[in-house]
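Student: I am new to this structure and would like a close look at one part of it, with the surroundings added afterwards. Please take me through it slowly.

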Amino acid sequence: MTPSALLPEPPPPPPSSSPRPASLRSRGSPPAEGKGGRDPGDVNGDGFADLTFVMFHAPWSPDLVIVYGSKDGLDPRTRTVVPGTHLEFGGLTSTADLDDDGFADVLVHGHVVRADRNPEVPHILWGGPEGVDPDATPTAVPTSVAPFGFSHGTVPGDFDGDGAADLALRTPMTKGTGELRENLAVLYGPFTREGVPRRHTVQPSPDGMRVQDLAAGGIGGRRATDLLVRDTSDGEQVASWLVKGGSGGLSRQSRRLNEGNALAFGDFDGDGRGDVVVADSGSRNNEPGYETEPPSVDGVMTVYSGGARRTPQVFRNLRFARSLTTGDYDGDGTDDLAIDRGPDGVELLHGGRDGLRRGGRTIRRLGPATDPTGRRLRPEERLAHPRAAADYDGDGRDELLLTWSPTGDVPEWGSALSLWWATNGDHDESTFGTGGW
């Protein structure tokens, strides 16, 4: 099927930004009933990872979408569409089993619809044997641990290594200096169905100032998750701080890493310890005198090994990495890395005993030549970009998920008209479009 055939004509726009009418929404079929498991990405517990994203229908309110995995990969016919009736969903989603019942839950930020005081806070939609209930009201994470409000960027992990998922988030340090200084709060699971954590801690950010965003390692086994804290940026590449997890929770000590706005975790040398990648994302501060980066940063990617005696791997002349996506794409038990290099495509670096190595294949997927209005798209506007990686078909190899939208490249979001490819690098395991959803 050609890409353009996957994109039906959108319905006419409504006169206001009211919730999308039910007559224009297609929820698809519910998934097969699962029995539960330990995969932090398996919402219905059937043994296959699922995809979650927020789908925008401008000017309607966004929907939250779950596309369920199967033995044939992601099945667009088997999906749940949660309308933005109660919550105006933000763009970022993630999954983790927050109540420790064997079914992954969906974490999403959002504004309560039609509320007088309307902060954007983390909300949870609970997974179960049939996935997420599309009619359920999302559960707000209580703000009692953050008296001055949440910031964006809540990420799940298991920061004390007890097997239960936790949440790390940014929160203002004090009301008077909330715009300049922030804390790190960790909410330790399991959570109650009211969104209340078992316990929580609050500590200053590594440099005591504001935080751009957070990235966390994977959840699995009894190994504590580490956290990356990235400094604020005005376009330039900035440093990140590695904060280790442990049996007592998130450490108050941190390690400063090289400047670079593209970040990823993985076990790239197969030693069972978490490694960290920091790379130049290509963005620059365009103010006079600040348009360039030093040689130690410009086009550089650094891999910090979790092994105590291993020196970092340094890749030079990489140009830039718009994003980094970790997955075991060849099924050898060692993580690989997909680098979004913009017009140069998505480059796969394979892991091994000596770490990452270049020389893998380059993946390119293109959207149609024209957008739904008939406008001819420039080559760079047709490129699909990485969104996630997981084993959606249960074959022991992760698939790299690429997405394209005519509204532009926002990798963590999905437009109401978008194309998706799940590929292992050799062939596409599933391809679908979201038009008409």
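In which sense do E12 and strand E13 (residues 227-231) pair, and over how many bridges?

Tutor: The model in front of you is a predicted one, and the values that follow are computed from it. E12 and strand E13, which covers residues 227-231, pair in the antiparallel sense, and five bridges make up that pairing. One place to see the two strands face each other is Leu214, which stands opposite Val229 in E13.

This pair belongs to an open sheet of four strands, whose order is E12-E13-E14-E15 and whose pairing is antiparallel. Strand E12, residues 211-216, and strand E15, residues 255-256, stand at the edges of that sheet, and because each has a single partner strand, one side of each is left without a neighbour in the sheet.

A contact from another strand also involves residue Val211. The backbone nitrogen of Val211 lies 2.8 Å from a polar atom of the side chain of Glu182, and Glu182 itself has its place in strand E10. Glu182 counts as buried because its relative accessible area is 2% and the cut-off for burial is under 20%. If you follow the chain onward from E10, you come to the loop between strand E10 (182-188) and strand E11 (199-204), where Pro190 is found. Pro190 is joined to Gly189 by a cis peptide bond, with omega at about 5°.

Two further loops hold residues with a backbone feature of another kind. In the loop between strand E4 (87-96) and strand E5 (105-112) you will find Asp100, whose phi is near 60°, a positive value in a residue other than glycine. Asp100 has a relative accessible area of 36%, and so it is partly exposed. Arg319, which is not a glycine, has a positive phi as well, of about 70°, and its place is in the loop between strand E19 (313-315) and strand E20 (323-327). With a relative accessibility of 49%, Arg319 counts as partly exposed, because only values over 50% are called exposed.

Ser281 and Tyr304 let us look at the stretch of chain on either side of a loop. Ser281 is found in the loop between strand E17 (275-279) and strand E18 (301-304), and at 15% relative accessibility it counts as buried. Leaving aside residues up to four places away in sequence, Ser281 touches Gln237, Asn261, Ala262, Phe320, Ala321 and Arg322. Tyr304, for its part, lies in strand E18 and is also buried, at 10% relative accessibility. Its side chain reaches the backbone nitrogen of Asn258 at 3.0 Å, and Asn258 is one of the residues that Tyr304 touches, together with Arg255, Leu257, Asp275, Val276, Val278 and Pro312, again not counting residues up to four places away in sequence. Tyr304 and Gly355 are 51 residues apart in sequence, while their C-alpha atoms are 9.9 Å apart in space.

From these single residues we can turn to the nonpolar cores. The largest of them has 17 residues, and Leu51, Phe53 and Val67 are those with the most contacts inside it. At least two residues of this core come from each of strand E1 (51-57), strand E2 (60-67), strand E24 (385-390) and strand E27 (419-423), and E1 gives the largest share, three residues. Leu51 shows which parts of the chain meet around one such residue, for it touches Val65, Ile66, Val67, Leu74, Tyr392, Leu401, Trp420 and Phe432, residues up to four places away in sequence not being counted. Apart from this core lies another, of 15 residues, among them Ala262, Val277, Leu337 and Ile339; Ala262 was named above as one of the residues touched by Ser281.

Finally, the protein chain as a whole puts these parts in their setting. The chain has 28 strands and zero helices, and of its 437 residues 54% count as buried. Among contacts between residues at least 6 apart in sequence, 50% join residues that are at least 24 apart. The protein chain exposes about 18900 Å², of which carbon and sulfur atoms supply 49%.

Methods:
Residues are numbered from 1 along each chain as its sequence is written. This is a predicted model: local features need pLDDT of at least 70, side-chain atom pairs count only at pLDDT 80 or more; totals for chains, interfaces and linings use all residues. Side-chain values use heavy atoms; hydrogens and water are left out. Two strands pair if DSSP finds at least two bridges between them. Buried means under 20% relative accessible area, exposed over 50%, partly exposed in between (1.4 Å probe, protein chains only). A polar contact is a pair of N or O atoms within 3.5 Å; within protein, one must be able to donate a hydrogen and the other to accept it, and residues adjacent in sequence count only if both atoms are side-chain atoms. Contact means heavy atoms within 4.5 Å. Accessible areas come from the Shrake-Rupley method with a 1.4 Å probe; for residues, only the protein chains shown count as cover. A nonpolar core is a set of buried Ala, Val, Leu, Ile, Met, Phe, Trp, Tyr and Cys residues joined through side-chain atoms within 4.5 Å.
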